[in-house]
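Reader: I would like to go through a model feature by feature. Please give the idea behind each reading, then the case at hand.

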Amino acid sequence: MNNYTTTVRRFCSLFFCLFEIFSLSAGDKQTGLTLTLIPPTTVTDKVNLDVRAGIVNKGELTKQLQMVFYLNNEDRTSMIYETSVEVAPKSSDCVKFMMPTQGKKGINTIILVVKNGAKVERLQRRIEIISSNIRSTQTIDGAWVGLYHWSETEGKHWNPDIKKLTDSQWREVVSSMNELGMDIVVIQELFRNEEYVGKHSIPANGYMGKAFYPSKLYPARMPIKAKNPVEAILSEADRLGMHVFLGVGLYAWFDFSPESLAWHEKVAKELWDRYGSHDSFYGFYVSEESVGSLDNSEADETTRLTRGKDIVNFFRGFKSYCRQFAPAKPIMLATNSFDILKGNGTYPELLKNLDILCPFGFSRMPEGDLTGKQAAELLQNLCDTAGSHLWFDLEAFLFNGDTSLYPRPIRQIIDDLTLLDNFEKTICYQYPGVFNNPKMSVRIGEPSTVPLFMDYKKYLQKLKARRK
């Protein structure tokens, strides 16, 4: 063997060794190591950062891992957490800790170094921390993206346009969200049980849903133009460094029965197998929603207690199942903010297995109920006690007389952002049909969606100027 060949081989060997050791992605599906931050985007220094590392051991031998977390620099003085983990074959684990953000203003990088014998892996995530006297950033940090609204009445001003969007135009939607700093995407649902829309149970002949993506579980497809909008959204989010919740649903509204759990587990696993390699795949959103009392508004006390047990058992089972293949990925549920006091006995158990609660409806509390501010504060206390996260589902719409939805005036949106200042993240419902970037190739919904986009952009510019 000549010297040239030897040199080339040594160089290639060194290159691949360095590539393996110094990988700086935020997750590697093949090795089963992921790094997740909750929240994933800009946070104030009044909110602690939830740092999670997921490990999935796909091999036949036990892994003995040394895990060290650093802030910005990989040296002893920058170490923020250290632990050792033993992960048995064909099992998983999640290492997590809370990092105080006080005094850490600016762009920060969380670095994870994992040693498994001679093998070393490095993952990292960036996070901006801003100085503030409140928990909220007072911005809309993300938005729901419905691939087609379940109600033709509510969605009548945008459904005809959404139905015709191409995969390329879904990428435009994601890019436009990014322009407004809405870097968290929540896909509302990935199945539509059209035959039973609006009903709360599945009939004896079983689930008859249609998928919004190429599903092997249920081959029937929703009649939309886009071939694979989920892939389009995730790939564009990858490019822009955004974060996407995939909507595991819809089975049936407010249904947290054992049958619903089994369905959700199958769908979550298919979504992970199909899309889990995307860096932007952030977590799972359970689409069924719930009333604030967590009892499906049942009148009978016995039935009410049963519904409470159902939702607790559902999330206990769903969390345990998803932990097998995606242990660090958060699970989120949206509830309304009504009658929370009636759910006081259920929330503590539910929140043990729910990473993010994202309630809505604070600006339209029923007469005789708590005020929106009181409801937000009560939910914050419940989440703090359980160690879970409370985000804000801001309604960026209002109802017409026929219950169709239209864009909410910017002043009312700003009022909500100002009044409800305890939420660490704000996600609005929804982006398509409510906001429209004038540069997009298509306008989704009414003409008023374009001025709302521009008005919110001006609000962001003013807020940024004040913070300088």
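Author: The turns below take up a sheet, a helix and the cysteines. Bear in mind that this is a predicted model.

Reader: What is the strand order of the open sheet of nine strands?

Author: Strand order is read across the sheet, from one edge to the other. Here the order is 18-17-16-15-14-11-10-22-19, and the pairing is parallel. Strand 18 (389-390) and strand 19 (392-395) are the edge strands, each pairing on one side only.

Reader: How many bridges join strand 11 to strand 14?

Author: Pairing rests on bridges, and two strands count as paired if there are at least two of them. Strand 11 (residues 184-187) and strand 14 run parallel and are joined by three. One partnership to look at is that of Ile184 with His243 in strand 14. Helix 4 (residues 229-240) packs on this sheet, where it touches strand 10 (142-145), strand 11, strand 14 and strand 15. The direction of helix 4 makes about 160 degrees with that of strand 14.

Reader: Which residues of strand 22 lie on each side?

Author: In a regular strand, side chains alternate between the two faces of the sheet. In strand 22 (residues 426-429), Thr426 and Cys428 are on one side, Ile427 and Tyr429 on the other. These four are all buried, so both faces are covered. As for its neighbours, strand 22 pairs with strand 10 over two bridges and with strand 19 over four, both in the parallel sense. Gly142 stands opposite Ile427, and Leu394 opposite Cys428.

Reader: What span should helix 6 have, and what do its end C-alpha atoms show?

Author: The check uses a rise of 1.5 Å a residue. For the 23 residues of helix 6 (residues 301-323) the expected span is 33 Å, and the end C-alpha atoms are 33 Å apart, which agrees. At the N-terminal end, Asp300 acts as the cap, with a side-chain oxygen 3.2 Å from the backbone nitrogen of Thr302.

Reader: What do the buried residues of helix 6 pack against?

Author: The buried residues include Arg304, Gly308, Ile311 and Phe318. Among the elements that the buried residues of helix 6 pack against are strand 4 (49-57), helix 5 (258-275), strand 15 (281-290) and helix 7 (347-350).

Reader: Why do Cys358 and Cys428 form no bond?

Author: A disulfide needs two cysteine sulfur atoms within 2.5 Å. Cys428 holds the closest cysteine sulfur to that of Cys358, but at 10 Å it is too far for a bond. The sulfur of Cys383 is likewise 10 Å from its closest cysteine sulfur, in Cys358, and too far. Cys358 is buried, at a relative accessible area of 0%, and Cys383 is buried at 0% too. The structure holds zero disulfides.

Key:
Residues numbered from 1 in each chain as written. Predicted model: local features only at pLDDT ≥ 70, side-chain atom pairs only at ≥ 80, totals over all residues. Heavy atoms only, no water. Expected span 1.5 Å × (residues − 1). Buried < 20%, exposed > 50% of the residue type's maximum accessible area, 1.4 Å probe, protein only. Contact = heavy atoms within 4.5 Å. Polar contact = N/O pair within 3.5 Å; in protein donor to acceptor, adjacent residues only side chain to side chain. Axes fitted to C-alpha atoms, helices over the stretch in contact; angles between N-to-C directions.
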